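Q: I'd like to learn how to read a fold from its model. Could we go through it together, one feature at a time?

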Amino acid sequence: MSKQTKARIINAAEALFAEQGYGQTSMREITARANVNLASVNYHFGSKKNLIQAVLKRYFDVLMPEVDEMLAKVIPSQGRKGVDQVLQGLALPLLHLNAIQPNGTEIFVQLLGKGYTESQGHLRKFILGNYGKTIENLLSMLRFALPAIPADELFWRLHFAIGSFVFSMASSQALKDIAKADYQQDIEIQDVIAHLVPFVAQGISAEAYPRER
């Protein structure tokens, strides 16, 4: 019963966080949707921050081992091709999040995007503390592919790439509806990713431009 209660709390919190954001979701709303009392939430998680981390953890625990496997197999080329190889390699692990629940990929990215836009500082510490090695290996691959791009410039490019990814995935249902209405195309989340990867890869790997001083 305790496991079922914990799962209900996580499911309720996840749905509300994805819909409303972390800051806008109250503990009272979570307990009402999960049909539990506040004492149960405190018993299982201790705090709202811990609950937020638990919601994301079940996705990261599926995603990151698969990303590790991908990185162990890929030796990227240099330039745009190498960036494309790395990003294409992330697509399948992301799609496997649908095994957690229907639309799991989209929900995960929405949750990640909420943390990104709401400046949930504890999430950065949580992610780096638990999955930092995987993230560093991923960044090392990109740095290898783009040796001529300065570290600070790569930071900005990745920042903009994440923004494009989060926006596109968070609005994927709207993109599906537009593609159907305007272009008579039936697309799924993997199609959105297939369109997004080359666009993002081009931006990340663009030739460095001279800076004005």
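**Reading the model, step by step**

A: Sure. Let's begin with charge: the chain carries 22 positive and 20 negative side chains, with the centres of the two sets 9 Å apart. Keep in mind that this is a predicted model.

Q: Which secondary structure elements does the chain have, and in what pattern?

A: Read the elements off in sequence order. Here the pattern is α-α-α-α-α-α-α-α-α-α, that is, 10 helices and zero strands.

Q: How does the radius of gyration of the chain compare with what the globule rule gives?

A: The idea is to set the value against the one expected for the chain's length. The radius of gyration is 19 Å and the rule gives 17 Å for 213 residues, which is close, so the chain is as compact as a globular protein of that length. Along the principal axes, the C-alpha atoms fill a box of roughly 55 × 45 × 40 Å.

Q: And what share of the contacts joins residues at least 24 apart?

A: Take the contacts between residues at least 6 apart in sequence: 73% of them join residues at least 24 apart.

Q: How much of the chain is buried, and what does its surface consist of?

A: Buried residues make up 42% of the 213. The accessible surface is about 12,200 Å², and carbon and sulfur atoms account for 57% of that.

Q: Which residues have the most contacts inside the largest nonpolar core?

A: That core has 63 residues, and the ones with the most contacts inside it are F17, L51, F108, L111 and I204. Helix α4 (residues 48-73) gives the core its largest share, 12 residues.

Q: Let's zoom in on F17. What is F17 in contact with?

A: Skip the neighbours within four places in sequence, then list what remains. For F17 that gives Y22, T25, I30, K48, L51, I52, V55, L111 and K114. Two of these partners, L51 and L111, also appear among the core residues with the most contacts.

Q: Now a single-residue call: is T134 buried or exposed?

A: Check the relative accessible area against the cut-off, where buried means under 20%. T134, in helix α7 (residues 121-145), has 8%, so T134 is buried. Beyond residues up to four places away in sequence, T134 touches M64, V67, D68 and L71.

Q: And F167, buried or exposed?

A: Exposed means over 50%. F167 has a relative accessible area of 59%, so F167 is exposed. This residue lies in helix α8 (residues 151-170).

Q: How far is F167 from G129?

A: Their C-alpha atoms are separated by 26 Å, and the two residues are 38 residues apart along the chain.

Terms used: Residues are numbered from 1 along each chain as its sequence is written. This is a predicted model: local features need pLDDT of at least 70, side-chain atom pairs count only at pLDDT 80 or more; totals for chains, interfaces and linings use all residues. Side-chain values use heavy atoms; hydrogens and water are left out. Helices (H or I, at least four residues) and strands (E, at least two) are DSSP runs, numbered from the N terminus. The radius of gyration is taken over C-alpha atoms; the globule rule is 2.2 Å times the number of residues to the power 0.38. Buried means under 20% relative accessible area, exposed over 50%, partly exposed in between (1.4 Å probe, protein chains only). Contact means heavy atoms within 4.5 Å. Accessible areas come from the Shrake-Rupley method with a 1.4 Å probe; for residues, only the protein chains shown count as cover. Lys and Arg count as positive and Asp and Glu as negative; His and the chain ends are not counted. The place of a charge is taken as NZ of Lys, CZ of Arg, CG of Asp or CD of Glu. A nonpolar core is a set of buried Ala, Val, Leu, Ile, Met, Phe, Trp, Tyr and Cys residues joined through side-chain atoms within 4.5 Å.
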